[in-house]
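Student: I would like a close look at a single part of this model, taken slowly and with its surroundings.

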Amino acid sequence: MIPRRVYFAILFAFLLHGFFVLTARYHSSYDAYTHMLFADHYAKDWFSLWETRWYTGFDITSYPPLTHQLIALLIPLLGFEKAYAVILWLVTALFPLGIYTFSRIFTGKSAASYAALASALMLPIFVTAHIFGQLPFLTATLFTLFSTASLARFLREGGVNNYLLAISITATTMAAHHATLLVQPFFIFAVVFFQFEKKNWKRTSLRLLAYFISAIPAGIAVIWPFWQWGMHQQLQTPIDHLSRHNFLTDPFAAAIFFLPFYFPIGAIIPFLFYKWPRKFLGLQFSFTILFLLGLGGTTPLPSLFFGKSWEWLTYDRFAFWAVLTLTPFFGMVFIHFRHWIKKRFTLKPVPASLRGTFISTSIFTIFACAAIGSWFTPLIWPIQPAPIDMKPIVNWLEAKDHYYWRYLTFGFGDQFAYLNLLTDKTTTLDGSYHTARTIPELRESGIGQIDTAYWALKGTPAIVPILKVSGDYGVRWGFVNRKEFIPELQKSGWVYYGTLENGIEIWENPKFTFHPPVIPPADPFESFSWGIFPMLSLVTTLTLGAVNIWPYSGEKFIRRIHGMVIGLLPISLGFWYYKTVFEFKHQQVYFTYDHALFFLSDGLALVAIILWLAVQTKRKSLPKFSPLSKILFALCLLVTFSSIWSADWRTSLYLGCHFWLIFLLTLSLQDWHEAWRAASVGFAIALFFQVCIGITEFTAQSMQFLQPLNLHWPGLIDASSKGASILKFQDGGNFLRIYGTFPHPNILAGFVLMCLAGTTALILGRDKIKWIAWTAFISGIALLAVTFSRSAWLGLSAFLFVLLLKSKPIDSKKIWLLATTTIITFTLTLTPLRELFLSRTTTPTTITEESSLTERIWLAQQALTYAKESPWTGVGAGSFVIQLGKRAGEVNLVEPVHNVLLLVLSELGIVGIVLLLTIVFVVVKELYATSKLNVILFGALLAGVGTIALFDHYFWSLAPGRMMLGLALGLWQGQVAKDGK
């Protein structure tokens, strides 16, 4: 249980850091705008690996992404500045909890809670957060504290959940900032030395080995593109940094990188080696080394540790980490000191009621004064130029054709990155992340930013070689805030152009050439990994941490989150946003059938699975396999192993992975069957949305109004588009079938059927009629009608037939009312369109209808041919279209056979079709025997889906279609499991 004093510490940190945040002290920090720019990059294009605004473009994988991605998630709601402020506030407010968990490894609750209280007021955190602006570093360090505590717990107690949590937090730490790799060995050494004893050394060693075996690959995998980028880097000319100076000969450097870190907590350093138990040697050693490294060039230790690379590192982070190792000692020394004072001094001037708190108040007041004093630092000791009004510059750059060329700023300080945030079209040769730059003149210059050269050791002359070649990089404009740069501009041939209303001078480089930004091609898996893995590591860490710290309440909370995710899943199925993971191109095959694609719905399913698995590991229980689960398990194995004989093992392996994802989702829904309520609400909301879209499409006969949704698949089509699903009136007029937000009307129709089942659950599950649910149901029937999907019409009939057949055990009056309402709504909707209805249900009246029927028959023949050629194993999962593309020759793009039974028979042979039919048998058998409402309802949905599968392929061939089927199976399986209990 966390002591109350820790909660007070978090409150104090929240209030004090909140004062800094709300007064926007980060405006005057060094790196805040840099991190805002990285976050803004992800907000604009989450999976892009190339940022064009600096250095003529640079690789975004050069900086671990997690902190920036967290900011990016809030940017659409708050803007980049407020989003940064919120994450900064959150991280700094949680530091006392991190210090408590770290100190608790070495001390008791009381001492650790005092350490937490000190951290709420600790000057180094305020300086690092609000003056240096190193938010990712702080975030990663906070995770490192939790990671160290989780490792200590695993070494002490063992357990799968503790093991997984330690690995997960380590990976999350790497995703936030790579620099913590330098401190983790010291923290781990301190923990191992503290817990290492004669009686447990074997157990501790084995657990430590197990941790390293998994943690190292996890830390590499979560940001593997960063390590790949780093392998190809060479050291640049070192840039002078005060943290590398000798503090004994440079008092200015000591004033910035020593005193702010060790005042006032450094007062306990003399007590650090005074009569402590031997097990504290590891922590003492770690402090000593980190302290010496934090002195930078004062000692030769950095050059001995890092070799030539020591000239590129900055050493304030080592001082910061050294202070963290002091916090456990501070808590213990503080308690001893307070007891010592009480024994030797009566404190007579102080009232008896206040004597117990006088010492604490006095010491922590010193901490608070030091922390608050840092707020005044930029006022007393300006570290940035005065704020510049950027609006005139932005307006000028966006006027006419000024944004065609790159620009430079001179004397803006770190505000120049703020200008980059405000100008999307324009780019600069400069930048504020020196490690990522590739331009030779910048790498060899020995300066950081061109803009801040005036304050650098080499001064403004250092930019002359860069100015001479800047025109070759497309630089035409210069914005001057400090006159000291003008002589260098004149020497390089730049000419004065004019002065803006904010006093900024514009200079022009006459020797410019036009260079449009060039974005190099990105590897799909690399960009996918960069966009997904760090966030998944965070979700896993938070979930495992919740059930580890609060076993009961944490599980209850996670189950609610799981329900919310399941509720969002139907909504996400209406948006076919995807990211290509791998490209497996084949002749005449549309990419959706053979590429490895990761959809929005897949991401939500993966989150739901992580939530469920985290609780399972805490319970130390394996999921119970129902008869259906066993068959699905066998089917997943078959799909996966079919990659051995497949036409393309890569496509089959991807399908196997997707089947396993769906299988795990069904298991989570089986265990947490209460998620059906959230799913039903999600289906109702999704249905309302599709109905609104469908009405507009029906009226406009166009999808152009959906442009803001960026539906690249199928694109923005209308009644005249080639390749669109069009019906013909007898007078020659076109009718665009309703797509909703889906790539085909048939898929929309299948989804609407699922939504109708969810809405029916809301109708039948209440004693009183819910008019909202009824409205959704009626409008959904009308939408299903105008999709003109014959397979979905039959699926709806099967759905209602099963409900009518099993109406006695539930509510026969409502079932008949539903059926009657369906018939009436269907009739009223299609009466004005009876001409089109007849063309879809009688003899084909158009060439399009005739060719569609001919094509379906031909595809069925091809499927039977493949089944004869490979009767037992088939041609491999996903290989039907690949084989067909090879044999069809130069014709239109091929597609799967429009019958899932034939498709499975051709791809997985007799074994696959037997497994599929066994699933049907299990569902029918359970449906026949049950009298439970939800089992009947979701069983009826499966009957409708199965009917559609006889005439369409998307429940097998497309990832979102498989997810629809998996969701239906999981919901049914959960209700069966609930019935069994």
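Student: Which backbone oxygen does the side chain of arginine 437 reach?

Tutor: In this predicted model, the side chain of arginine 437 reaches the backbone oxygen of isoleucine 447, at 2.8 Å. Arginine 437 itself is found in the loop between helix H19 and helix H20, the latter spanning residues 440-443. Although arginine 437 is buried, it has no salt bridge; the nearest side chain of opposite charge belongs to aspartate 430 and is 5.9 Å away, whereas a salt bridge would require the charged atoms to lie within 4 Å. Leaving aside residues up to four places away in sequence, arginine 437 touches Tyr55, Gln236 and Ile239, and also Leu442, Arg443, Ser445, Ile447 and Gly448.

Helix H19, which precedes this loop, covers residues 416-422 and also takes part in another piece of packing, being among the elements that cover the buried residues of helix H18. Those buried residues of H18, a helix running over 391-398, are Pro392, Ile393, Val394, Trp396 and Leu397. Besides H19, their cover includes strand S3 (406-410), strand S4 (475-480), strand S5 (495-499) and strand S6 (505-508). After H18 comes lysine 400, whose phi is positive, near 50°.

As for covalent cross-links, a search of the whole structure finds zero disulfides. Cysteine 636, for example, is in no disulfide, the nearest cysteine sulfur being that of cysteine 657, 10 Å away.

Notes. Residues numbered from 1 in each chain as written. Predicted model: local features only at pLDDT ≥ 70, side-chain atom pairs only at ≥ 80, totals over all residues. Heavy atoms only, no water. Disulfide = S-S within 2.5 Å. Buried < 20%, exposed > 50% of the residue type's maximum accessible area, 1.4 Å probe, protein only. Helix = DSSP H or I, 4+ residues; strand = E, 2+ residues; numbered from the N terminus. Contact = heavy atoms within 4.5 Å. Lys, Arg positive; Asp, Glu negative; His and termini not counted. Polar contact = N/O pair within 3.5 Å; in protein donor to acceptor, adjacent residues only side chain to side chain.
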